[in-house]
Amino acid sequence: MKAERVAEEMTKFPFDNTYARELSGFYAACLPEDKPEANLLYLNRTLAEDLCLDLNLYEKSALAELFSGNRLPEGAEPIAQAYAGHQFGHFSPQLGDGRALIIGEVINQQGKRYDICFKGSGRTPFSRGGDGKAAIGPMLREVLIGEGMHALGVPTTRALAVAATGEPVYRDKVLPGAVLTRVAASHIRIGTFQFFAARGEHDRVKRLADYTIARHCPALLGKTDSYLEFLRFATAGQAALVAQWMSLGFIHGVMNTDNVSIAGETIDYGPCAFMEAYDPNAVFSSIDGQGRYAYRNQPLIAQWNLARLAETLLPLLSDDEHRAISLAKEVLESFPETYRHNWMEIMCAKLGLRGGKDQDLLADTALLDEWLALLHTDKVDYTLAWRRLADAAEGRLSELRELFSEQKALDAWLAKWQTRCAEVDRRSVSMNGIDAAQRRGHAMREVNPWLIPRNHHVEEALAAASDEHDLDPFEELLVALQRPYDEDLKLAKFAEPADASFTAGYRTFCGT
Ligand code: AMP
Ligand code: MG
C-alpha cells in the first residue's frame, strides 16, 4: 500500500467506508496505478454538490490528478470487490473488480449512501489477463448513456468525472486511456453473493446479506423472514427497472449476473443501445450472437438472474432445503406478475390511459399489443411514435401519420384508441372535452421522451472526443440529454433517428 499517495493538500471527502470496514475478506485493498498525464475531460459539478464533495477550490489540474487516481482524497480506502458471475449463462467463479476500485462511500444531501468508484484505474488482484485500463470512448459513453438514463428517470449509476490518463490502451487499435469516476447506490451485485456461495462460504453469504439489507432495505432488519423479504426486494427492484428499460426501448446488452446491481440500478454501460425502429428481437452487441440479451428477452433474463441470487440465499431461508426451495420459488414465480404490473402501469401511462380501471386490463393489453405490432410491421421509430401519439391525443395527427406507411391500419387502431380514451374520460370526474385532450397530451409527454441518447449521435460524439480530441459534440449532446421530455427545436437534430442503414449495421462492444 502506498498510503503516502494521500496528498496533504487535497480536500478530505466525507467518507464513511462501511464495506471496507465491515466486510474484510470480501475485497482486496489496492491502489490506482500512476497515470502519466492526467487531464480532466468531464466533471459533474451538480452531482458532486449533491454528494457533499467540495470541489470548488480545486484547479482543473488538481481535479485531473484527483479523478485519474493519481492523488487520492484523504479518507479514501480503495478496494477491489470480489465477485463471480454467470456470463452468457456460463458461471465464472472469480471475476471481481479487474479494473475498478471503490475509493469510498459518502452520504448525499438526502442522507443516501453512495459508492465512489474508479473504473479504468489500473490492475487489481482480480485483473486476470486484463490490463486494468479503460479508453476514453467507452468511459464517455457511460457518461452520455448513464446521464441520459438518469434524466429519463431510470435508476442508474452515474458518472461524476472522466479524466484522460495520457496512456495508450491497446485494443483492436491503440486508444487514448481514461478513468471514469462512477457513483452507485452500491456495487453489490448478484455475482457478489455467487462468489461466496460457490466457495461454500455460507457464513459470508449471510454477512453479505446482512450488510446489504442494512444498506438497502433496513426496514427488514430483525424480521424473522428478512432473507426471503430481501429476495423479494431484489426481485421487485429488477422488475421495476427492466420494465422501465423496456418502456424506453433500452437494451442493456450484457445482463450477466455480475452486472446486476442488488440496489436495482442500471450498471455497466458496455454494449448497451437504444432501439430505433421497433423490433422485439433487436440486439446490437457484437458478442451476443445468439441474442441471449435481445430486447424482448430482458424480463426473462432478469428472472433467470434472480434465480441465481435465490440459489445463494437458500441456506438462509430455511434449514430444510425443500422448504427453502419452495419459499424461493414462490418469490421467483411472482416475478412475471410483478414485472407485468410495472410494465402495464408505464405502458398505460404512455398510451394516455392512466386512470383506467383494472377490469380494463385485457382491453388495454390488446390495444397495446396492436400498437406495438403496428410499429413492428411498419418499422416505426419507437421513441418518435410514442411522442407523436401524445400530439395525436390533442388532435394533431399529421406528424404521427408521417411515420407510418400503413395508414389504414393506423387509422383503425387510432379509432379504437380514441374510443378507449373517451371511455376513460367518461369515468373520470376531472377529465372532459378539450381540457381532457390537453391534459392527456401533457401527461403523455411526461412519460414519452422526445429525446433519447440516439446511437448515431453517441457514436459521433465519442469518435470526435477519442479520435480528434474534440469534446464539443460530447458536451452538446450531454446538454441535450438533460431534459429529454421537453421539446426544444434548437436540439431537433438529436431527436431524429439514424438512417435505417446505420441502425442495420450498428454493433456495440463491451469496451473492455
Ligand atoms: P464487464 O464485461 O465489463 O462486466 O467485465 C467483466 C469482468 O472482466 C469484470 O470482472 C471486469 O473487472 C473484468 N475486466 C473487464 N475489462 C478489464 C480490463 N481491461 N482489465 C482487467 N479486467 C477487466
Ligand atoms: Mg461488469
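Throughout this tour, a residue is called buried when its relative accessible area is under 20%, with only the protein chains counted as cover. Keep in mind that the model on screen is predicted.

Select the magnesium ion, ligand 2, as the starting point, and display the atoms that coordinate it: these are OD1 of Asn259 and OD of Asp268, at 1.9 to 2.2 Å. If you then switch to a view of accessibility, you will find that Asn259 is buried and that Asp268 is buried as well.

Keep Asp268 selected and add ligand 1, since Asp268 is also listed, together with Gly96, Gly98, Asp131 and Gly132, among the residues that come nearest to ligand 1, out of the 18 around it. Colouring this shell by residue class gives 2 nonpolar, 8 polar and 8 charged residues. Colouring by domain instead shows that both domain 1 (18–187) and domain 2 (222–342) contribute at least three residues each to the shell.

Next, go through the polar contacts of ligand 1 one by one. At Gly96, a polar backbone atom lies 2.6 Å from an oxygen atom of the ligand. At Asp131, the partner is a side-chain N or O atom, which is 3.0 Å from a nitrogen atom of ligand 1, and at Arg171 a side-chain N or O atom is 3.4 Å from a nitrogen atom of the ligand. With the surface switched on, the protein covers 88% of the 480 Å² of accessible area that ligand 1 has on its own.

Finally, select the cysteines: how many disulfides does a search of the whole structure find? The search returns 0, and Cys30, for one, is in no disulfide, the nearest cysteine sulfur being that of Cys117, 12 Å away. Because a disulfide requires two cysteine sulfur atoms within 2.5 Å, the 12 Å from the sulfur of Cys117 to its closest cysteine sulfur, in Cys30, is too far for a bond. Cys30 counts as buried at 11% relative accessibility, and Cys117 counts as buried at 1%.

Technical notes
Residues are numbered from 1 along each chain as its sequence is written. Chains are lettered from A and ligands numbered from 1 in the order in which they are written. This is a predicted model: local features need pLDDT of at least 70, side-chain atom pairs count only at pLDDT 80 or more; totals for chains, interfaces and linings use all residues. Side-chain values use heavy atoms; hydrogens and water are left out. A residue is near a molecule or strand if one of its heavy atoms lies within 4 Å of it. A polar contact is a pair of N or O atoms within 3.5 Å; within protein, one must be able to donate a hydrogen and the other to accept it, and residues adjacent in sequence count only if both atoms are side-chain atoms. Accessible areas come from the Shrake-Rupley method with a 1.4 Å probe; for residues, only the protein chains shown count as cover. Ala, Val, Leu, Ile, Met, Phe, Trp, Tyr, Cys and Pro count as nonpolar, Asp, Glu, Lys and Arg as charged, and the others, Gly among them, as polar. Domain bounds come from an automatic or database domain assignment. Donors are N, O and S atoms within 2.8 Å of the metal (3.2 Å for Na, K and Ca); water is not among the atoms, so sites may look incomplete. Buried means under 20% relative accessible area, exposed over 50%, partly exposed in between (1.4 Å probe, protein chains only).
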